[in-house]
Amino acid sequence: MAGWIVKSLNGKFKCEEPIFMDIIQTGNILDPEYQLAYFREDISVNSHHWHWHVVYPHTWKPEVMGKVKDRKGEFFYYMHQQMCARYDCDRLSAGLRRTIPFHNFNEKLEGYSPHLTSLVSGHHYANRPSGLSLHDVKQVAVVQDIVRWRERLLTAIHLGVVIDNHGNEIVLTPEHGIDMLGAMLEPSYESMNREYYGDIHNNVHDMISLIHDPDGRYKEYRGVMADTATSLRDPIFYRLHRFIDNIFQKYKATLPVYDKKDVSSKTREDEHSLHLLEEEHRTSRGLFSQQNAQKITFT
Ligand SMILES: [Cu+2]
């Protein structure tokens, strides 16, 4: 693992030298899941995920912001599905089996230790010892609600209709159904009947991030799953999103097959060209805890 550090914010590194991180220091190489650490701790993929959620925040209110985020729910589905598919490809190439969905909420989870400090708050992101299972969290949700919301969403998919806030049945159409479900699963202010279909994705992220101190008696800081800049580091992220994606796939399986006109498009030659961008990021969250904030560039 290596990050190309070109400039230090505190002047610690005088020249534009790469810094190589010893893989032995960032985790336990005897843990099979650690083989995928290069993917999960990649600064670019974490920046991408953070940036996506900045562009499409779940707090987006079109009537306040003055702009509708076109197909936000559909993009939520598509972006996370693509990320998980790529992760599974890398798992297979490392000799690991595909991601197992996290859908049994009584399951005792594997542990994770981020070795990471937030320079924003000064707190260490919490460790999750192995063997803990999802617990009711007073300020987030109770586990039974997550189960109830999942059943209601699956019922909507199987019946092909969603119940809106006024009790009306809204049909999940091939054009807009995935967008509606994406908005309901994340969810956002644009979600249909949030009271009834709940807040599965965001709540489970938060409940996992507090799994080590669910009732707050130890005043422990949250784990990386609470933060879009860091959540991809934890293997449980991909297991949660495999569960979420399986719900979307259940809906996709109900749709008619595409015909020719659905998949044809006018293409321009330059749309097929490869663009390599050089980007620069400041890593106040998302590098290794022993390092201070760095500016990094990557292509
Ligand atoms: Cu996300």
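**Around helix 10 and a nearby loop**

Q: In the loop between which two helices is P187 found?
A: Keep in mind that this is a predicted model. One flank of the loop that holds P187 is the helix spanning 177–185, and the other is the helix spanning 194–197. Those two are helix 7 and helix 8.

Q: What is the omega of the peptide bond from E186 to P187?
A: P187 sits in the loop between helix 7 and helix 8. The bond leading into P187 from E186 is cis. Its omega is near -20 degrees.

Q: Which residue in the loop between helix 7 and helix 8 has a positive phi although it is not a glycine?
A: Look along the loop between helix 7 and helix 8. The residue in question has a phi of about 50 degrees. It's N193.

Q: Are helix 7 and helix 10 roughly parallel or roughly antiparallel?
A: Their axes are 11 Å apart, and the packing angle is about 155 degrees. Angles over 145 count as roughly antiparallel. So helix 7 and helix 10 come out as roughly antiparallel.

Q: How many residues in the contact of helix 7 with helix 10 are nonpolar?
A: Helix 7 brings G177, I178, L181 and L185, while helix 10 brings I244, I247, F248 and Y251. Gly counts as polar, and the contact has one polar residue and no charged ones. The nonpolar count is seven.

Q: Are helix 6 and helix 10 roughly parallel or roughly antiparallel?
A: Helix 6 covers residues 143–159 and helix 10 covers residues 235–252, and their axes come within 9 Å. They cross at roughly 15 degrees, and angles under 35 degrees count as roughly parallel. So for helix 6 and helix 10 the word is roughly parallel.

Q: Which charged residue takes part in the contact of helix 6 with helix 10?
A: From helix 6 come L153, L154 and I157, and they meet I247, K250 and Y251 in helix 10. By class that's five nonpolar, no polar and one charged. Since Lys is in the charged class, the residue is K250.

Q: How is helix 5 placed against helix 10: roughly parallel, roughly antiparallel or oblique?
A: Helix 5 covers residues 72–93, and its axis is 10 Å from that of helix 10. The packing angle is about 125 degrees, which falls outside the ranges under 35, over 145 and 65 to 115. So helix 5 is placed against helix 10 in a way called oblique.

Q: Is the crossing of helix 5 and helix 10 left-handed or right-handed?
A: Helix 10 also crosses helix 6, and that crossing is right-handed. The crossing of helix 7 and helix 10 is right-handed too. For helix 5 and helix 10, the crossing is left-handed.

Q: How many charged residues are in the contact of helix 5 with helix 10?
A: Y77, H80, Q81, C84 and Y87 of helix 5 meet Y238, H241, R242, I244, D245 and F248 of helix 10. The contact also has six nonpolar and three polar residues. The charged ones number two.

Q: Which UniProt annotation covers residues 234–245?
A: In the model, this stretch is 92% helix and 0% strand, with its end C-alpha atoms 17 Å apart. The label comes from an unreviewed UniProt entry. That record calls the stretch "domain: Tyrosinase copper-binding".

Q: In which element is confidence highest?
A: The protein's mean pLDDT is 87. Confidence is lowest in strand 1, residues 2–3, at a mean of 42. At the other end, with a mean of 98, comes helix 10.

Conventions: Residues numbered from 1 in each chain as written. Predicted model: local features only at pLDDT ≥ 70, side-chain atom pairs only at ≥ 80, totals over all residues. Axes fitted to C-alpha atoms, helices over the stretch in contact; angles between N-to-C directions. Helix = DSSP H or I, 4+ residues; strand = E, 2+ residues; numbered from the N terminus. Left-handed = near helix turned anticlockwise from the far one by under 90°. Contact = placed C-beta atoms within 7 Å. pLDDT = per-residue confidence, 0-100. UniProt positions renumbered as here; feature names shortened; annotations may be inferred.
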